[in-house]
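Me: I would like a close look at a single part of this structure. Please keep the answer connected and plain.

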Amino acid sequence: MKDIIRFEKVSESNFVKELISAFGVDETAAKEIFRELPLPRRATVGSAGYDFFSPVDLNVAPGETITIPTGIRAKMRDDCVLMLFPRSGLGFKYRMQLNNTVGIIDSDYYYSDNEGHIFVRITNDTNQNKELQVSQFSGFVQGIFIPYLLTEDDSATMKRNGGFGSTTR
């Protein structure tokens, strides 16, 4: 199973374009961030989640929402899904939430026309007026790979080519 599930970076050009668009980073800085950006990893042998690292310093005001290009894609078996959740401490301290509650990364997203680039949209939903701060290259969300089953009468034949909402277009 270890050779079937892995994280990879998207191409440098994809990441640089998306990071510039999201945060206005200049191209030289974006390329350096790409080189230094770590792949998701577990913190301890007992951790279920793989931490995804922020490519830039994040300062999210109460009620604010931002979208983060992670620079990461996930290759996995056809019978697996990658589920993304806030890191526990950020959810607990700031009520940081993913805007789609749980991020669902399907196995065929890897082959999408955007290289399967995983984006995360978060909201600082604090009720204590606290600014959410995440340092560059610190973990902010965690991903857990989960196998799933299909019904015996499953008839899905459509191929994915896109991200959010692409399977219903």
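Which residues of the largest nonpolar core touch the most other members? Please go on from there to the strand that holds one of them.

Reply: This is a predicted model. The largest nonpolar core has 37 residues, and those touching the most other members are Phe 52, Leu 82, Ile 118 and Ile 122. Leaving aside residues up to four places away in sequence, Phe 52 touches residues including Leu 82, Leu 84 and Ile 118. Its contacts also include Phe 7, Pro 40, Thr 70 and Ile 72, as well as Ser 138, Gly 139, Phe 140, Val 141 and Gly 143.

Ile 122 belongs to β9, where Leu 98 stands opposite Ile 122. Strand β9 covers residues 119-124. Five of its six residues are buried, so β9 is largely enclosed by the rest of the structure.

The sheet around β9 is open and has three strands, in the order β4-β9-β7, with antiparallel pairing. The edges are β4 (65-69) and β7 (96-98); each has a single partner strand, so one side of each lacks a neighbour in the sheet. On average, neighbouring strands here are turned by 30° against each other, direction ignored.

On the β4 side, five bridges make the connection to β9, and Ile 68 has Val 120 as its bridge partner in β9. On the β7 side, three bridges join β7 to β9; there Met 96 is partnered with Asn 124.

Helix α1 (residues 12-23) lies across both β4 and β9, and runs at about 165° to β4.

Key:
Residues are numbered from 1 along each chain as its sequence is written. This is a predicted model: local features need pLDDT of at least 70, side-chain atom pairs count only at pLDDT 80 or more; totals for chains, interfaces and linings use all residues. Side-chain values use heavy atoms; hydrogens and water are left out. Two strands pair if DSSP finds at least two bridges between them. Helices (H or I, at least four residues) and strands (E, at least two) are DSSP runs, numbered from the N terminus. Axes are lines fitted to C-alpha atoms, for helices over the stretch in contact, and angles run from 0 to 180 degrees between N-to-C directions. Contact means heavy atoms within 4.5 Å. A nonpolar core is a set of buried Ala, Val, Leu, Ile, Met, Phe, Trp, Tyr and Cys residues joined through side-chain atoms within 4.5 Å. Buried means under 20% relative accessible area, exposed over 50%, partly exposed in between (1.4 Å probe, protein chains only).
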